[in-house]
Amino acid sequence: MSMEDEFKRNPPPLPYEPGTVRLFLPLEALKATHGLLRIADRRESGVMWYGTKDASGDGTVCYVVAPRQQMRWGNYHVSAEALAEVVHRVPEGWKPLAQVHSHPGKWVEHSSYDDEMVSSHRILSLVFPSYGRKTRGFLHGVGVHEWQNGYWHRLDPDSAKKRICPSDGEVRVEDMR
């Protein structure tokens, strides 16, 4: 497989149907995410968001963690063992809410590699541009993806704003790399 093949994806089998479950993201969690992604410098890296869910399924990010991982220019990898280390540190009752990773430039669509490497289909997958450098506004330019009908759909900016809501709150941050 060539490097170019790694980025190609087939089109979605069915159109995206907007979801309603929201993710409340404390601004401190967003700040910590940018910081953890930037530490990797010019390599892709990943961060996980964990937190609580209410009865309607809405989640609140309470824990931002960078698991042990291999980081490279064009991708990153978190082993099952490294992910298990994270899960054992998560307080009882907290759930995985999103997997976040960076891309080198402004392109924030999932690659076929990204599709294969997401740890769960029940979480959101976010792609931050420019190795996690800060963007102009809250999640401006970030690709927000949701698994639906066998495909990781990238949400349009309006749908993403309805699904990920800025909030206040304390956040635990950990870098296990």
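**Salt bridges in the predicted model**

Arginine 89 is partly exposed, its relative accessible area being 41%. The structure is a predicted model, and eight salt bridges are found in it. In one of these, the side chain of arginine 89 meets that of glutamate 174 at 2.3 Å, N to O. Arginine 89 belongs to the loop between helix H2 (80-87) and strand E6 (95-102), whereas glutamate 174 belongs to strand E11 (residues 172-175), so the pair ties together parts that are 85 residues apart in sequence. Glutamate 174, with a relative accessible area of 16%, is buried, because the cut-off for burial is under 20%.

Glutamate 174 also meets the side chain of arginine 172 in a salt bridge, with an N to O distance of 3.8 Å. Arginine 172 is partly exposed, at 33% relative accessibility. Elsewhere, Arg9, Glu109 and Asp115 are joined into one network by salt bridges that share partners.

A further salt bridge is formed between the side chains of arginine 163 and glutamate 146, at 2.7 Å, N to O. This pair links distant parts of the chain, with arginine 163 in helix H4 (residues 157-163) and glutamate 146 in strand E8 (residues 143-148), 17 residues apart. Arginine 163 counts as buried at 7% relative accessibility, and glutamate 146 is likewise buried, with a relative accessible area of 15%. In general terms, side chains of opposite charge can pair when their charged atoms come close.

Conventions. Residues are numbered from 1 along each chain as its sequence is written. This is a predicted model: local features need pLDDT of at least 70, side-chain atom pairs count only at pLDDT 80 or more; totals for chains, interfaces and linings use all residues. Side-chain values use heavy atoms; hydrogens and water are left out. A salt bridge is a side-chain nitrogen of Lys or Arg within 4 Å of a carboxyl oxygen of Asp or Glu. Helices (H or I, at least four residues) and strands (E, at least two) are DSSP runs, numbered from the N terminus. Buried means under 20% relative accessible area, exposed over 50%, partly exposed in between (1.4 Å probe, protein chains only).
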